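Biologist: I am new to this model and would like a close look at a single part of it. Please start from one residue and then go on to what surrounds the topic.

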Amino acid sequence: MPLKRSTRIALILGAGVAAYAAMTFLPADDPETLLQLVNAYRSAPGACAGKRVPPLGPLAPSPALAKADVGSSQALPEALKRAGYSASEAQAIVLSGSRRAGATMAVLKERYCDALLSPQFAEAGIARDGTRWTLVLARPLLSTDLGDWRAAGQEVLRLVNEARAKPRSCGDRKFDAARPVEWQPKLALASLAHSRDMARRNYFAHQSQGGTVASDRADTAGYRWTRVGENIAAGQGSPKQVVAGWLLSPSHCVNIMESAFTEMGAAYALDPDSDAKIYWTQLFGVPEK
């Protein structure tokens with residue numbers, strides 16, 4: 001059963017990308033590139049409308065949102081329904097003027113930073129038709145039947161190793177294929193503890209409200225390490241979506257592709273009274289020898 005929450009939607013129509021058309025420092029003009037730029041921005045946003053904004057988790061790519069035929073604010077609910085997407089929150093931004101992802105991102109940051117940096121959104125669909133870009137941001141209705149956290153963590157492991165099996169670019173960094181990582185129960189328990197803490201206390205950060213960080217959590221779980229790395233996310237309703245979001249966020253992708261890591265644990269936690277409803281933690285490690 002999905003969590004009961006009324007769906008809120010909004011549509012923003014914009015123009016003026018042409019003023020940034022000269023910004024051609026990025027060779028790509030595809031939706032995936034724009035989503036990488038959005039996720040990089042969310043990971044280190046700085047300020048929006050004069051206010052400091054804390055780092056946010058990446059948006060996962062959603063094919064259903066990408067194919068939603070957005071035309072007007074009245075059409076958005078029907079467009080999402082036709083696309084097969086059940087949203088608790090949704091917003092669409094339509095821009096025209098440039099084919100370039102970098103130019104479009106410049107306008108999004110300048111005019112729509114509040115939408116890009118909203119913690120309410122967990123997924124995004126982006127489509128380009130010539131110089132017209134459509135960006136749909138949403139948080140899905142979550143099923144309460146996600147299964148055991150260990151099973152979900154093992155599925156994250158499988159998807160991570162599937163990603164590591166192929167060469168990959170994480171932003172401007174290129175990685176060769178890496179050997180698979182192994183499931184580590186202590187790292188899994190450390191991941192579960194942080195996911196539960198974020199869900200219960202309604203925050204999203206690598207540093208807990210008690211001041212602990214990933215290395216502290218690994219220590220508390222009894223994991224003896226020489227190196228650890230952590231990815232966190234919020235709002236995604238499945239292992240597939242959370243890993244897809246991490247892979248399209250340069251800093252998170254680097255952790256996944258880092259060949260030095262040999263072990264991993266992952267877990268989610270739910271709290272229907274929290275802002276994001278669901279929180280994910282993935283902890284990588286290199287054990288002491």
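Where in the chain is the place of leucine 141?

Modeller: Some ground rules come before the answer. This is a predicted model, in which local features need pLDDT of at least 70 and side-chain atom pairs count only at pLDDT 80 or more, while totals for chains, interfaces and linings use all residues. Residues are numbered from 1 along each chain as its sequence is written, and side-chain values use heavy atoms, with hydrogens and water left out.

Leucine 141 sits in the loop between strand S7 (132-140) and helix H6; helices (H or I, at least four residues) and strands (E, at least two) are DSSP runs, numbered from the N terminus. Its relative accessibility is 29%, so leucine 141 counts as partly exposed, a class that lies between buried (under 20% relative accessible area) and exposed (over 50%), with a 1.4 Å probe and protein chains only. Tyrosine 85 is 56 residues away along the chain, and its C-alpha atom is separated from that of leucine 141 by 8.9 Å.

H6 leads on to a sheet. Here 4 strands form an open sheet of mixed pairing, in the order S10-S12-S13-S11; two strands pair if DSSP finds at least two bridges between them. Strand S10 (182-183) and strand S11 (225-234) are at the edges with a single partner strand each, so one side of each has no neighbour in the sheet. Between S12 (residues 263-270) and S13 (residues 278-287) the pairing is antiparallel, over 8 bridges. Glutamate 263 stands opposite glycine 285 in S13. Helix H6 (residues 149-164) packs on this sheet and touches S10, S12 and S13, where contact means heavy atoms within 4.5 Å. Helix H10 (residues 250-257) also packs on the sheet, touching S11 and S13.

H6 has a part in the largest pocket as well: H6 is one of the elements that each supply at least two residues of its lining. A pocket is an open set of points on a 1 Å grid over the protein atoms alone, where a 1.4 Å probe fits, with protein on both sides within 12 Å along at least five of seven lines; lining residues have an atom within 4 Å of a point. The lining has 23 residues, and Glu32, Pro61, Ala244, Leu247 and Leu248 lie nearest the centre. Helix H9 gives the most to the lining, with 5 residues.

As for the whole chain, the secondary structure comes to 10 helices and 13 strands, and 52% of the 289 residues count as buried.

Definitions and conventions. Axes fitted to C-alpha atoms, helices over the stretch in contact; angles between N-to-C directions.
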